[in-house]
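The exercises below go from the chain as a whole to one pair of helices and then to the ligand. Work through each task before reading its solution.

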Amino acid sequence: MEAPQTSDKYDIPAHVPPELVHPIGLTEGPEFLAAPYPFMAGLHDRLPPIFYSPSLTHGGAWHLIRHADCYFTLRHPELFTTAGATPFPRDPNNYFYFIPLEIDPPDHKKYRTVLEPMFSPRGIAKLEESIRQRANALIDQFIDQGECEFTTAFGRPLPVSVFLDLMGLPQDMLDTFVGWAMSLLHAQDRVAAATAMREISAYLAAVIAEKTKSPDDGAVSTIVHAAPDGVPLTEREIFGFVFFLFIAGLDTVFAAFNNIFAWLAENPKGRQEIIDNPDNIDGVVEELLRVYTVTFSGRTLTQDYEMHGVKMKKGDKITSILPAANYDPTVFENPREVNFNRPRKPTLAFAGGVHSCMGAHLARLETKVSISEFLRRIPNFQLKEGTKIEYWPGGVVGPKTVPLIW
Ligand code: HEM
């Protein structure tokens, strides 16, 4: 085996050509954190379609920015596996997979079908009225104050309360769930993350035991009692499945909401256009999720593979920068412009291929209802004077706080 090359700070595998090494500091560097979306949109102007970026915290990976290349990796799980795709540490002696994301086809399908009816467009449509009620109950709490800190008043509690309903968990767990999600997913503090992981594990184990005895129609119970191909899931599979829903279904929605409402606060014309054209709300949601795509897809090569003349090796990590792909100028004309009437083209906000987001219909519905109800009740709002939006580091891109006044 060739010795790795060593730059000032990083070990770079010997097969990576030095001219393709660009330490961009994705998700953690100062340039990224100062303005993540202009930063990711701007990658197309200054970097080749595929480059290698080392990272002190995550190790190095090949990074893809073009829509077509990202989509290709997502559609070829036989070349680009999701095994080990999440960054959450697990005990090697008691290892469990995050299901369904970390399972490759063909096994992936049996898990995915378990919750298909619940997460299908028809299954999710049943939730619209309760999401609307929950959104309005939250707005009732702050509308008369003339201000709110959006993330704590709405951006986090709404998706958590919807999630608890869907999972069949009690609403009095709302604050605890928000706390866990924040410690686990945004802990710059490893001890806090490990504590949250232990607490979540203990809670989920108790819930799984309870649902085993007393079934209901929530997602946890459905998973507990599932028997795809006639074989019940093992305790470890159930745990990895339920835990992954928690990881996948909360922070992503928090981040999308916070980005979108910061944009709405700063764009009165955009708000008016949405209010004046209620029939185009689906176009609004798609466009805002395109410009504020919040996450990335991580894969590992199952064999040596060449792309754009770049020779990658089996075991190399690949990061598809989905937000950059959604600013690909060859697919989206004037990609930085928010245009609610742009021709519909598939975005990668929810990735694509077999692992495309299972919660996409739910996330779209929550976004649609939140924008419509908030603008119906508070049509004019802005960022509090002097606000400078700061972003969390990490694999889900969103503002830390969004203070609003009206
Ligand atoms: C705006 C909100 C959301 C965004 C942007 C988002 C984005 C994504 C993306 C990009 C993936 C693919 C990851 C990959 O390929 O590596 C994914 C997968 C997934 N998401 Fe979401 N997600 C959101 C909300 C949700 C919600 C609300 C749920 C469930 C309650 C959910 C459940 C899942 C699941 C289960 C997967 C794995 C699917 C599979 O492997 O087959 N997501 N999501």
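**Exercise 1.** Determine what share of the contacts with a separation of 6 or more comes from residues 24 or more positions apart, and then describe the overall build of the chain.

*Solution.* In this predicted model, residues 24 or more positions apart supply 68% of the contacts in the chain that have a separation of 6 or more. Turning to secondary structure, the chain comes to 18 helices and twelve strands. Its radius of gyration is 21 Å, and the globule rule gives a close value of 22 Å for 406 residues, so the chain is as compact as a globular protein of that length. Along the principal axes, the C-alpha trace spans about 65 × 55 × 40 Å, and 37% of the 406 residues are buried.

**Exercise 2.** Describe how α14 and α18 pack, giving the angle and the distance between their axes.

*Solution.* Begin with the geometry: the angle is about 35 degrees and the axes lie 11 Å apart, while the crossing of α14 past α18 is right-handed. Next, list the residues that meet, which are T252, V253, A256, F257 and I260 from α14, and A363, E366, T367 and S370 from α18. Sorted by class, this contact has five nonpolar, three polar and one charged residues.

**Exercise 3.** Establish how many residues surround the ligand, and which elements give two or more of them.

*Solution.* The shell holds 24 residues, of which G249, T252, C357, G359 and A363 are the closest to the ligand. The elements that contribute two or more residues are α13 (235-249), α14 (251-266) and α18 (360-377). Finally, the classes in this shell are 17 nonpolar, six polar and one charged residues.

Key:
Residues are numbered from 1 along each chain as its sequence is written. This is a predicted model: local features need pLDDT of at least 70, side-chain atom pairs count only at pLDDT 80 or more; totals for chains, interfaces and linings use all residues. A residue is near a molecule or strand if its C-beta atom, placed from the backbone, lies within 6 Å of it. Helices (H or I, at least four residues) and strands (E, at least two) are DSSP runs, numbered from the N terminus. Ala, Val, Leu, Ile, Met, Phe, Trp, Tyr, Cys and Pro count as nonpolar, Asp, Glu, Lys and Arg as charged, and the others, Gly among them, as polar. Axes are lines fitted to C-alpha atoms, for helices over the stretch in contact, and angles run from 0 to 180 degrees between N-to-C directions. A crossing is left-handed if the near helix is turned anticlockwise from the far one by less than a right angle, and right-handed if clockwise. Two residues are in contact if their C-beta atoms, placed from the backbone, lie within 7 Å. The radius of gyration is taken over C-alpha atoms; the globule rule is 2.2 Å times the number of residues to the power 0.38. A residue is buried if 20 or more other C-beta atoms lie within 10 Å of its own, exposed if 12 or fewer, and partly exposed in between; C-beta atoms are placed from the backbone.
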